[in-house]
Amino acid sequence: MSASPLSNNRREFLASTLAAIASVTIVAPEVLGGPGKIPPSDQFRFVQIGAGGKGASDLKSTINAGGIAVALCDVDVQRAGKMYENHPDLPRFTDYRQMLDELQTEYDGVVVSTPDHLHGVQALDAMRRGKHVYVQKPLARTYDECDRLLAAAKKYGVATQMGNQGHAGVGISVYQAMVQDSSFGKIHAAHCWSNRPIWPQGMTELPASTKPPVHLDWNLWLGPAADRPYAAEYAPFTWRGWWDFGCGAMGDMACHNMDPVFSALGLTLPSSIVSQASAAAGLAFPEWSIVNYDFAATQACPEGVKVTWYDGKKMPEVPVVPADEQRDDHGFQAGTNGCMIVGEKMTVAGGSHAAVPEVIAVASDDRDELYDLRQHWRKRVAELGAETRLNHYKQWIEAAKQAKPEMAGSRFEYSSAMSQSILLGCISLRYPLQPLTWNPAENKFAGIDEANEFLKMTPRDGYDLTV
(Lines give C-alpha, C1' and ligand atoms only; values in the text may rest on other atoms or scores of the structure.)
Protein backbone atom coordinates (compact mmCIF):
# COMPACT_ATOMS: atom_id res chain seq x y z
CA MET A 1 0.00 0.00 0.00
CA SER A 2 1.66 3.24 -1.12
CA ALA A 3 2.27 6.12 1.26
CA SER A 4 0.68 9.48 0.64
CA PRO A 5 2.97 12.05 -1.02
CA LEU A 6 1.20 14.97 0.64
CA SER A 7 3.58 15.51 3.53
CA ASN A 8 7.07 14.47 4.58
CA ASN A 9 5.94 14.77 8.17
CA ARG A 10 2.83 12.61 7.85
CA ARG A 11 3.40 10.46 10.89
CA GLU A 12 4.26 13.41 13.11
CA PHE A 13 1.17 15.25 11.86
CA LEU A 14 -1.04 12.23 12.43
CA ALA A 15 0.41 11.61 15.86
CA SER A 16 -0.30 15.13 17.04
CA THR A 17 -3.77 15.20 15.46
CA LEU A 18 -4.84 11.84 16.81
CA ALA A 19 -3.46 12.70 20.23
CA ALA A 20 -5.73 15.73 20.22
CA ILE A 21 -8.72 13.63 19.18
CA ALA A 22 -7.92 11.01 21.81
CA SER A 23 -7.66 13.65 24.48
CA VAL A 24 -11.21 14.77 23.68
CA THR A 25 -12.68 11.30 23.75
CA ILE A 26 -11.53 10.56 27.32
CA VAL A 27 -12.84 13.77 28.89
CA ALA A 28 -15.92 13.27 31.04
CA PRO A 29 -19.16 14.78 29.63
CA GLU A 30 -19.59 17.03 32.66
CA VAL A 31 -16.16 18.56 32.02
CA LEU A 32 -17.19 19.39 28.47
CA GLY A 33 -20.47 20.96 29.62
CA GLY A 34 -21.73 24.19 28.12
CA PRO A 35 -23.46 25.29 24.96
CA GLY A 36 -22.19 23.79 21.71
CA LYS A 37 -20.20 21.05 23.46
CA ILE A 38 -20.84 17.45 22.40
CA PRO A 39 -20.16 14.77 25.03
CA PRO A 40 -17.85 12.03 23.67
CA SER A 41 -20.61 9.45 24.16
CA ASP A 42 -22.80 11.41 21.75
CA GLN A 43 -20.18 12.11 19.10
CA PHE A 44 -20.25 10.67 15.60
CA ARG A 45 -16.82 10.80 13.98
CA PHE A 46 -16.41 10.16 10.27
CA VAL A 47 -13.83 10.11 7.52
CA GLN A 48 -14.58 11.43 4.04
CA ILE A 49 -13.48 9.52 0.92
CA GLY A 50 -13.64 12.00 -1.95
CA ALA A 51 -13.28 15.59 -0.75
CA GLY A 52 -13.72 17.42 -4.05
CA GLY A 53 -16.80 17.55 -6.28
CA LYS A 54 -19.76 15.79 -4.67
CA GLY A 55 -17.54 14.95 -1.72
CA ALA A 56 -17.38 18.62 -0.78
CA SER A 57 -21.15 18.89 -0.37
CA ASP A 58 -21.38 15.51 1.39
CA LEU A 59 -18.69 16.65 3.82
CA LYS A 60 -20.51 19.90 4.58
CA SER A 61 -23.87 18.18 4.93
CA THR A 62 -22.55 15.49 7.26
CA ILE A 63 -20.90 18.10 9.48
CA ASN A 64 -24.08 20.21 9.47
CA ALA A 65 -26.00 17.10 10.55
CA GLY A 66 -23.76 16.73 13.62
CA GLY A 67 -20.90 14.61 12.30
CA ILE A 68 -17.32 15.36 13.36
CA ALA A 69 -14.87 15.07 10.47
CA VAL A 70 -11.67 13.21 11.41
CA ALA A 71 -9.80 12.98 8.08
CA LEU A 72 -10.14 13.65 4.36
CA CYS A 73 -9.07 11.52 1.41
CA ASP A 74 -8.91 12.41 -2.27
CA VAL A 75 -6.77 11.20 -5.16
CA ASP A 76 -6.86 14.69 -6.72
CA VAL A 77 -5.33 17.25 -4.35
CA GLN A 78 -6.27 20.14 -6.63
CA ARG A 79 -9.93 19.17 -6.84
CA ALA A 80 -10.01 18.71 -3.07
CA GLY A 81 -8.08 21.92 -2.48
CA LYS A 82 -10.97 24.04 -1.23
CA MET A 83 -11.98 21.49 1.40
CA TYR A 84 -8.37 21.12 2.47
CA GLU A 85 -8.21 24.88 2.95
CA ASN A 86 -11.47 24.86 4.91
CA HIS A 87 -10.23 22.06 7.20
CA PRO A 88 -6.49 22.70 7.58
CA ASP A 89 -6.15 20.68 10.81
CA LEU A 90 -7.52 17.42 9.41
CA PRO A 91 -5.14 14.69 8.20
CA ARG A 92 -5.14 14.26 4.41
CA PHE A 93 -4.72 11.04 2.47
CA THR A 94 -4.67 10.01 -1.17
CA ASP A 95 -5.15 6.26 -0.53
CA TYR A 96 -8.37 5.50 1.36
CA ARG A 97 -6.96 2.13 2.47
CA GLN A 98 -4.14 3.87 4.31
CA MET A 99 -6.60 6.24 5.96
CA LEU A 100 -8.88 3.43 7.13
CA ASP A 101 -5.87 1.52 8.45
CA GLU A 102 -4.07 4.32 10.27
CA LEU A 103 -7.17 5.83 11.88
CA GLN A 104 -8.92 2.54 12.61
CA THR A 105 -10.04 3.44 16.14
CA GLU A 106 -10.63 7.13 15.51
CA TYR A 107 -13.83 7.12 13.42
CA ASP A 108 -17.32 5.64 13.54
CA GLY A 109 -18.47 6.10 9.95
CA VAL A 110 -17.24 6.50 6.40
CA VAL A 111 -18.74 8.73 3.72
CA VAL A 112 -18.04 7.48 0.17
CA SER A 113 -18.33 10.22 -2.47
CA THR A 114 -16.30 8.76 -5.33
CA PRO A 115 -16.96 7.56 -8.90
CA ASP A 116 -19.28 4.55 -9.21
CA HIS A 117 -16.56 1.97 -9.82
CA LEU A 118 -15.06 2.66 -6.36
CA HIS A 119 -18.21 2.46 -4.25
CA GLY A 120 -18.19 -1.29 -3.71
CA VAL A 121 -14.60 -1.81 -2.58
CA GLN A 122 -14.57 1.29 -0.38
CA ALA A 123 -17.87 0.63 1.38
CA LEU A 124 -17.08 -3.05 1.92
CA ASP A 125 -13.67 -2.19 3.35
CA ALA A 126 -15.38 0.11 5.85
CA MET A 127 -18.11 -2.36 6.82
CA ARG A 128 -15.64 -5.19 7.35
CA ARG A 129 -14.16 -2.92 10.04
CA GLY A 130 -17.59 -2.51 11.63
CA LYS A 131 -17.97 1.07 10.40
CA HIS A 132 -21.21 2.74 9.36
CA VAL A 133 -21.32 3.83 5.72
CA TYR A 134 -22.96 6.54 3.64
CA VAL A 135 -22.49 5.79 -0.07
CA GLN A 136 -23.33 8.05 -2.97
CA LYS A 137 -25.78 6.79 -5.60
CA PRO A 138 -25.96 4.45 -7.37
CA LEU A 139 -25.00 2.05 -4.62
CA ALA A 140 -22.37 0.40 -6.85
CA ARG A 141 -21.50 -0.06 -10.51
CA THR A 142 -22.56 -3.72 -10.78
CA TYR A 143 -25.44 -5.88 -9.60
CA ASP A 144 -23.16 -8.27 -7.71
CA GLU A 145 -21.51 -5.46 -5.74
CA CYS A 146 -24.93 -4.32 -4.55
CA ASP A 147 -25.65 -7.88 -3.38
CA ARG A 148 -22.39 -7.88 -1.45
CA LEU A 149 -23.04 -4.50 0.13
CA LEU A 150 -26.46 -5.63 1.33
CA ALA A 151 -25.02 -8.86 2.72
CA ALA A 152 -22.30 -6.92 4.56
CA ALA A 153 -24.83 -4.47 6.04
CA LYS A 154 -26.77 -7.41 7.47
CA LYS A 155 -23.66 -9.28 8.62
CA TYR A 156 -22.06 -6.37 10.48
CA GLY A 157 -25.25 -4.66 11.66
CA VAL A 158 -24.02 -1.20 10.70
CA ALA A 159 -26.09 1.83 9.75
CA THR A 160 -26.16 2.42 5.99
CA GLN A 161 -27.54 5.10 3.69
CA MET A 162 -27.39 5.71 -0.06
CA GLY A 163 -27.06 9.31 -1.21
CA ASN A 164 -30.45 9.94 -2.80
CA GLN A 165 -31.20 12.88 -0.54
CA GLY A 166 -34.78 13.40 -1.68
CA HIS A 167 -35.79 10.14 -0.01
CA ALA A 168 -35.92 11.99 3.31
CA GLY A 169 -38.10 14.76 1.90
CA VAL A 170 -41.82 15.49 2.05
CA GLY A 171 -42.31 14.40 -1.57
CA ILE A 172 -41.76 10.71 -0.80
CA SER A 173 -44.29 10.94 2.04
CA VAL A 174 -46.85 12.49 -0.32
CA TYR A 175 -46.42 9.79 -2.98
CA GLN A 176 -46.76 7.14 -0.28
CA ALA A 177 -49.87 8.77 1.17
CA MET A 178 -51.50 8.91 -2.26
CA VAL A 179 -51.00 5.17 -2.64
CA GLN A 180 -52.06 4.36 0.91
CA ASP A 181 -55.25 6.41 0.46
CA SER A 182 -56.04 4.46 -2.76
CA SER A 183 -56.26 7.82 -4.53
CA PHE A 184 -54.96 6.45 -7.84
CA GLY A 185 -57.36 3.56 -8.17
CA LYS A 186 -55.66 1.02 -10.38
CA ILE A 187 -52.16 2.22 -11.24
CA HIS A 188 -51.56 1.86 -14.96
CA ALA A 189 -47.94 2.95 -15.36
CA ALA A 190 -45.12 5.15 -14.10
CA HIS A 191 -42.68 7.31 -16.06
CA CYS A 192 -39.40 8.84 -14.89
CA TRP A 193 -37.06 11.05 -16.90
CA SER A 194 -33.91 13.17 -16.90
CA ASN A 195 -32.15 15.67 -19.13
CA ARG A 196 -28.87 13.84 -18.46
CA PRO A 197 -26.34 13.19 -19.85
CA ILE A 198 -24.71 16.59 -19.56
CA TRP A 199 -21.35 14.96 -20.32
CA PRO A 200 -20.18 13.13 -23.48
CA GLN A 201 -21.74 9.73 -24.25
CA GLY A 202 -21.96 7.58 -27.33
CA MET A 203 -18.18 7.23 -27.74
CA THR A 204 -17.06 4.19 -29.75
CA GLU A 205 -13.28 4.55 -29.44
CA LEU A 206 -10.92 4.90 -26.52
CA PRO A 207 -9.54 8.41 -26.00
CA ALA A 208 -5.94 9.31 -26.71
CA SER A 209 -3.77 8.78 -23.66
CA THR A 210 -1.77 11.58 -22.07
CA LYS A 211 0.36 12.03 -18.98
CA PRO A 212 -1.74 12.45 -15.81
CA PRO A 213 -1.63 15.88 -14.18
CA VAL A 214 0.73 16.08 -11.21
CA HIS A 215 -2.13 16.72 -8.78
CA LEU A 216 -3.90 13.42 -9.66
CA ASP A 217 -2.87 9.93 -8.57
CA TRP A 218 -4.22 8.09 -11.60
CA ASN A 219 -3.47 4.61 -10.29
CA LEU A 220 -5.50 5.27 -7.14
CA TRP A 221 -8.28 6.88 -9.19
CA LEU A 222 -8.56 3.63 -11.18
CA GLY A 223 -8.73 1.65 -7.94
CA PRO A 224 -10.28 -1.77 -8.68
CA ALA A 225 -10.76 -1.06 -12.42
CA ALA A 226 -8.45 -2.60 -14.99
CA ASP A 227 -5.23 -0.65 -15.58
CA ARG A 228 -5.16 1.71 -18.54
CA PRO A 229 -3.42 4.94 -19.55
CA TYR A 230 -4.79 8.24 -18.30
CA ALA A 231 -6.96 10.36 -20.59
CA ALA A 232 -8.53 13.71 -19.78
CA GLU A 233 -11.83 12.36 -21.14
CA TYR A 234 -12.15 10.09 -18.10
CA ALA A 235 -11.73 12.43 -15.15
CA PRO A 236 -12.67 14.35 -13.10
CA PHE A 237 -16.31 14.56 -14.26
CA THR A 238 -16.81 12.77 -17.57
CA TRP A 239 -16.26 9.27 -16.16
CA ARG A 240 -20.05 8.80 -15.94
CA GLY A 241 -20.33 8.21 -19.67
CA TRP A 242 -17.79 5.35 -19.76
CA TRP A 243 -19.03 1.82 -19.05
CA ASP A 244 -16.06 0.79 -16.90
CA PHE A 245 -16.41 3.70 -14.49
CA GLY A 246 -20.00 4.92 -14.43
CA CYS A 247 -23.61 4.02 -15.10
CA GLY A 248 -24.54 6.75 -17.56
CA ALA A 249 -27.54 9.02 -17.15
CA MET A 250 -29.44 6.37 -15.19
CA GLY A 251 -26.63 6.08 -12.68
CA ASP A 252 -26.68 9.78 -12.06
CA MET A 253 -30.40 10.53 -11.82
CA ALA A 254 -32.56 7.39 -11.70
CA CYS A 255 -31.93 6.83 -7.98
CA HIS A 256 -33.46 10.29 -7.49
CA ASN A 257 -36.25 10.33 -10.06
CA MET A 258 -37.35 6.69 -9.80
CA ASP A 259 -37.23 6.77 -6.01
CA PRO A 260 -40.92 7.78 -5.60
CA VAL A 261 -42.02 4.85 -7.76
CA PHE A 262 -39.94 2.25 -5.92
CA SER A 263 -40.87 3.63 -2.52
CA ALA A 264 -44.60 4.22 -3.01
CA LEU A 265 -45.31 1.13 -5.12
CA GLY A 266 -43.10 -1.26 -3.16
CA LEU A 267 -41.01 -2.36 -6.14
CA THR A 268 -37.93 -4.57 -5.96
CA LEU A 269 -36.47 -6.22 -9.10
CA PRO A 270 -38.09 -6.21 -12.56
CA SER A 271 -39.34 -9.36 -14.26
CA SER A 272 -38.32 -8.17 -17.72
CA ILE A 273 -36.69 -5.20 -19.47
CA VAL A 274 -36.53 -3.96 -23.05
CA SER A 275 -34.80 -0.75 -24.09
CA GLN A 276 -34.39 1.63 -26.98
CA ALA A 277 -31.28 3.73 -27.49
CA SER A 278 -29.37 5.91 -29.94
CA ALA A 279 -26.94 2.97 -30.23
CA ALA A 280 -26.00 -0.09 -28.22
CA ALA A 281 -23.88 0.61 -25.15
CA GLY A 282 -20.30 -0.59 -25.40
CA LEU A 283 -17.27 1.37 -24.31
CA ALA A 284 -19.72 4.14 -23.43
CA PHE A 285 -23.38 4.62 -22.74
CA PRO A 286 -25.67 5.82 -25.58
CA GLU A 287 -26.53 9.47 -26.17
CA TRP A 288 -30.15 8.77 -25.24
CA SER A 289 -32.19 5.85 -24.02
CA ILE A 290 -35.68 4.68 -23.12
CA VAL A 291 -35.83 1.69 -20.79
CA ASN A 292 -39.11 -0.18 -20.28
CA TYR A 293 -39.45 -2.27 -17.12
CA ASP A 294 -42.13 -4.80 -16.18
CA PHE A 295 -42.53 -5.36 -12.45
CA ALA A 296 -44.47 -8.19 -10.88
CA ALA A 297 -47.43 -7.67 -8.57
CA THR A 298 -47.05 -5.72 -5.35
CA GLN A 299 -49.64 -4.71 -2.76
CA ALA A 300 -50.00 -1.33 -4.46
CA CYS A 301 -50.09 -2.86 -7.96
CA PRO A 302 -51.72 -6.31 -7.68
CA GLU A 303 -51.55 -6.80 -11.45
CA GLY A 304 -47.97 -5.61 -11.76
CA VAL A 305 -46.89 -2.32 -13.31
CA LYS A 306 -44.89 -0.94 -16.22
CA VAL A 307 -42.23 1.67 -15.45
CA THR A 308 -40.39 3.58 -18.17
CA TRP A 309 -37.16 5.55 -17.86
CA TYR A 310 -36.19 8.31 -20.36
CA ASP A 311 -32.94 10.25 -20.72
CA GLY A 312 -31.03 12.27 -23.28
CA LYS A 313 -33.93 14.76 -23.50
CA LYS A 314 -36.47 12.05 -24.29
CA MET A 315 -39.67 12.46 -22.27
CA PRO A 316 -43.14 10.98 -21.88
CA GLU A 317 -46.24 13.01 -22.69
CA VAL A 318 -47.02 14.86 -19.47
CA PRO A 319 -50.33 16.72 -19.10
CA VAL A 320 -50.08 20.49 -18.67
CA VAL A 321 -52.30 22.25 -16.12
CA PRO A 322 -52.87 25.90 -17.15
CA ALA A 323 -52.46 28.50 -14.42
CA ASP A 324 -55.74 29.90 -13.05
CA GLU A 325 -55.25 33.20 -11.23
CA GLN A 326 -58.88 33.45 -10.15
CA ARG A 327 -58.54 30.14 -8.30
CA ASP A 328 -54.99 30.85 -7.15
CA ASP A 329 -53.79 27.78 -9.03
CA HIS A 330 -50.23 28.07 -10.35
CA GLY A 331 -50.76 25.27 -12.85
CA PHE A 332 -48.18 22.66 -13.80
CA GLN A 333 -45.71 22.04 -16.60
CA ALA A 334 -43.16 19.24 -16.49
CA GLY A 335 -39.51 20.08 -15.98
CA THR A 336 -36.45 18.42 -17.43
CA ASN A 337 -36.27 15.90 -14.57
CA GLY A 338 -39.24 14.23 -12.98
CA CYS A 339 -41.57 11.38 -12.14
CA MET A 340 -45.20 10.67 -13.10
CA ILE A 341 -47.59 7.98 -11.86
CA VAL A 342 -50.65 7.29 -14.01
CA GLY A 343 -53.76 5.86 -12.31
CA GLU A 344 -57.34 5.23 -13.37
CA LYS A 345 -58.61 7.99 -11.02
CA MET A 346 -55.80 10.51 -11.19
CA THR A 347 -52.32 11.19 -12.55
CA VAL A 348 -49.63 12.98 -10.56
CA ALA A 349 -46.17 14.30 -11.40
CA GLY A 350 -43.29 15.88 -9.54
CA GLY A 351 -39.83 17.19 -10.27
CA SER A 352 -36.31 15.99 -9.64
CA HIS A 353 -35.09 14.35 -6.43
CA ALA A 354 -38.57 13.13 -5.39
CA ALA A 355 -39.99 16.64 -5.30
CA VAL A 356 -43.55 17.05 -3.99
CA PRO A 357 -45.98 15.75 -6.65
CA GLU A 358 -49.05 17.57 -7.96
CA VAL A 359 -52.28 16.16 -9.32
CA ILE A 360 -52.19 16.94 -13.06
CA ALA A 361 -55.13 14.95 -14.48
CA VAL A 362 -58.34 13.20 -13.39
CA ALA A 363 -60.34 10.52 -15.17
CA SER A 364 -63.33 12.78 -15.81
CA ASP A 365 -61.28 15.59 -17.39
CA ASP A 366 -63.50 17.92 -15.37
CA ARG A 367 -61.67 21.14 -14.48
CA ASP A 368 -63.59 21.62 -11.23
CA GLU A 369 -62.82 18.10 -10.05
CA LEU A 370 -59.17 18.57 -10.97
CA TYR A 371 -59.01 21.86 -9.07
CA ASP A 372 -60.68 20.39 -5.98
CA LEU A 373 -58.31 17.42 -5.94
CA ARG A 374 -55.29 19.69 -6.38
CA GLN A 375 -56.48 21.75 -3.42
CA HIS A 376 -57.04 18.63 -1.34
CA TRP A 377 -53.48 17.45 -1.88
CA ARG A 378 -52.02 20.88 -1.25
CA LYS A 379 -53.56 20.70 2.23
CA ARG A 380 -52.23 17.17 2.72
CA VAL A 381 -48.77 18.33 1.65
CA ALA A 382 -48.91 21.07 4.29
CA GLU A 383 -49.93 18.52 6.91
CA LEU A 384 -47.23 16.06 5.93
CA GLY A 385 -44.66 18.84 5.72
CA ALA A 386 -45.44 19.87 9.30
CA GLU A 387 -44.28 16.49 10.59
CA THR A 388 -40.85 16.42 12.19
CA ARG A 389 -38.38 14.49 10.02
CA LEU A 390 -34.63 14.14 10.03
CA ASN A 391 -32.70 15.13 6.93
CA HIS A 392 -30.95 12.41 4.95
CA TYR A 393 -27.55 12.77 6.63
CA LYS A 394 -29.00 13.16 10.12
CA GLN A 395 -31.02 9.97 9.63
CA TRP A 396 -27.81 8.05 9.00
CA ILE A 397 -25.96 9.60 11.94
CA GLU A 398 -28.83 8.94 14.35
CA ALA A 399 -29.24 5.38 13.04
CA ALA A 400 -25.58 4.80 13.83
CA LYS A 401 -25.58 6.48 17.25
CA GLN A 402 -28.74 4.70 18.37
CA ALA A 403 -27.74 1.37 16.82
CA LYS A 404 -30.99 1.37 14.85
CA PRO A 405 -30.13 0.87 11.15
CA GLU A 406 -33.84 0.97 10.29
CA MET A 407 -33.91 4.71 11.01
CA ALA A 408 -32.16 5.41 7.70
CA GLY A 409 -34.79 5.53 4.96
CA SER A 410 -32.48 4.68 2.06
CA ARG A 411 -30.56 1.99 3.95
CA PHE A 412 -29.20 -0.78 1.79
CA GLU A 413 -32.22 -3.02 2.47
CA TYR A 414 -34.16 -0.52 0.34
CA SER A 415 -31.60 1.10 -1.95
CA SER A 416 -29.83 -2.06 -3.10
CA ALA A 417 -32.83 -3.38 -5.08
CA MET A 418 -33.50 0.02 -6.64
CA SER A 419 -29.84 0.35 -7.66
CA GLN A 420 -29.84 -3.20 -9.02
CA SER A 421 -32.94 -2.54 -11.12
CA ILE A 422 -31.23 0.51 -12.58
CA LEU A 423 -28.06 -1.48 -13.27
CA LEU A 424 -30.05 -4.22 -15.02
CA GLY A 425 -31.50 -1.45 -17.17
CA CYS A 426 -27.96 -0.34 -17.99
CA ILE A 427 -27.15 -3.87 -19.17
CA SER A 428 -30.25 -3.88 -21.37
CA LEU A 429 -28.76 -0.90 -23.22
CA ARG A 430 -26.14 -3.27 -24.63
CA TYR A 431 -29.03 -5.13 -26.34
CA PRO A 432 -31.53 -2.53 -27.62
CA LEU A 433 -34.95 -3.93 -28.63
CA GLN A 434 -34.06 -7.37 -27.22
CA PRO A 435 -36.25 -8.30 -24.22
CA LEU A 436 -34.27 -9.47 -21.20
CA THR A 437 -36.01 -11.70 -18.66
CA TRP A 438 -34.76 -11.76 -15.09
CA ASN A 439 -34.66 -15.09 -13.26
CA PRO A 440 -34.77 -14.27 -9.51
CA ALA A 441 -34.27 -17.89 -8.45
CA GLU A 442 -30.93 -18.08 -10.25
CA ASN A 443 -30.07 -14.39 -9.87
CA LYS A 444 -29.32 -13.94 -13.55
CA PHE A 445 -30.85 -13.20 -16.95
CA ALA A 446 -32.58 -15.98 -18.84
CA GLY A 447 -32.06 -16.23 -22.58
CA ILE A 448 -29.00 -14.07 -23.30
CA ASP A 449 -26.12 -15.66 -21.40
CA GLU A 450 -23.68 -12.98 -22.51
CA ALA A 451 -25.68 -10.38 -20.57
CA ASN A 452 -24.82 -12.14 -17.32
CA GLU A 453 -21.13 -11.32 -17.84
CA PHE A 454 -21.92 -7.70 -16.92
CA LEU A 455 -23.51 -8.52 -13.55
CA LYS A 456 -20.21 -8.46 -11.70
CA MET A 457 -16.65 -7.19 -11.84
CA THR A 458 -13.30 -8.65 -10.82
CA PRO A 459 -11.22 -6.09 -8.93
CA ARG A 460 -7.52 -5.55 -9.47
CA ASP A 461 -5.02 -6.90 -6.96
CA GLY A 462 -5.06 -4.80 -3.82
CA TYR A 463 -8.83 -4.31 -3.83
CA ASP A 464 -11.29 -6.63 -2.16
CA LEU A 465 -15.00 -7.35 -2.64
CA THR A 466 -15.14 -9.95 0.11
CA VAL A 467 -18.09 -9.60 2.47
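Asp365, Asp366, Glu369 and Asp372 together form a negative patch on the surface of this predicted model. One of its members, Asp366, sits in the loop that runs between strand 13 (358-362) and helix 12 (367-385). Asp366 is partly exposed, with a relative accessible area of 36%.

**Salt bridges**

The count of salt bridges in the model comes to 23. Three of the pairs are set out below, each with its N to O distance.

| Pair | N to O distance |
|---|---|
| Lys186 and Glu303 | 2.9 Å |
| Arg228 and Asp244 | 2.9 Å |
| Arg327 and Asp368 | 2.2 Å |

Lys186 and Glu303 form a salt bridge. Because Lys186 lies in the loop between helix 8 (170-180) and strand 7 (187-193), and Glu303 in the loop between strand 9 (289-295) and strand 10 (305-311), the pair ties together parts that are 117 residues apart in sequence. Lys186 is partly exposed at a relative accessible area of 38%, while Glu303 is exposed at 63%.

The side chains of Arg228 and Asp244 also meet in a salt bridge. Both residues are placed in the loop between helix 9 (218-222) and helix 10 (248-257), 16 residues apart. Arg228 counts as buried, with 16% relative accessibility. Its partner Asp244 counts as partly exposed, at 34%.

In the third pair, the side chains of Arg327 and Asp368 meet. Arg327 lies in the loop between strand 10 and strand 11 (338-343) and Asp368 in helix 12, so this salt bridge joins parts that are 41 residues apart in sequence. Arg327 is partly exposed at 28% relative accessibility, and Asp368 is partly exposed at 41%.

Salt bridges can also link several residues. Asp42, Lys394, Glu398 and Lys401 are connected in a network of this kind.

**A mostly covered helix**

Helix 6 spans residues 116-128, and 12 of its 13 residues are buried. The buried residues include the charged Asp116 and Asp125, along with His117, Leu118, His119, Gly120, Val121 and Gln122. Ala123, Leu124, Ala126 and Met127 are buried as well. Just after helix 6, Gly130 takes a positive phi of about 80°.

**Two buried residues and their contacts**

Ser421 is located in helix 14 (residues 412-428). Ser421 counts as buried because its relative accessibility is 1%, and the cut-off for buried is under 20%. Apart from residues up to four places away in sequence, Ser421 touches Phe262, Thr268, Leu269, Pro270, Tyr293 and Phe295.

Ala284 belongs to the loop between strand 8 (272-277) and strand 9. With a relative accessible area of 3%, Ala284 is buried. Neighbours within four places in sequence aside, Ala284 is in contact with Gly202, Met203, Gly241, Trp242 and Trp243. The C-alpha atoms of Ala284 and Gln180 are separated by 40 Å, and the two residues are 104 residues apart along the chain.

Terms used. Residues are numbered from 1 along each chain as its sequence is written. This is a predicted model: local features need pLDDT of at least 70, side-chain atom pairs count only at pLDDT 80 or more; totals for chains, interfaces and linings use all residues. Side-chain values use heavy atoms; hydrogens and water are left out. Patches are made of residues with over 30% relative accessible area and no salt bridge: like charges are joined within 9 Å, nonpolar side chains (Val, Leu, Ile, Met, Phe, Trp, Tyr) within 5 Å. Accessible areas come from the Shrake-Rupley method with a 1.4 Å probe; for residues, only the protein chains shown count as cover. A salt bridge is a side-chain nitrogen of Lys or Arg within 4 Å of a carboxyl oxygen of Asp or Glu. The place of a charge is taken as NZ of Lys, CZ of Arg, CG of Asp or CD of Glu. Helices (H or I, at least four residues) and strands (E, at least two) are DSSP runs, numbered from the N terminus. Buried means under 20% relative accessible area, exposed over 50%, partly exposed in between (1.4 Å probe, protein chains only). Contact means heavy atoms within 4.5 Å.
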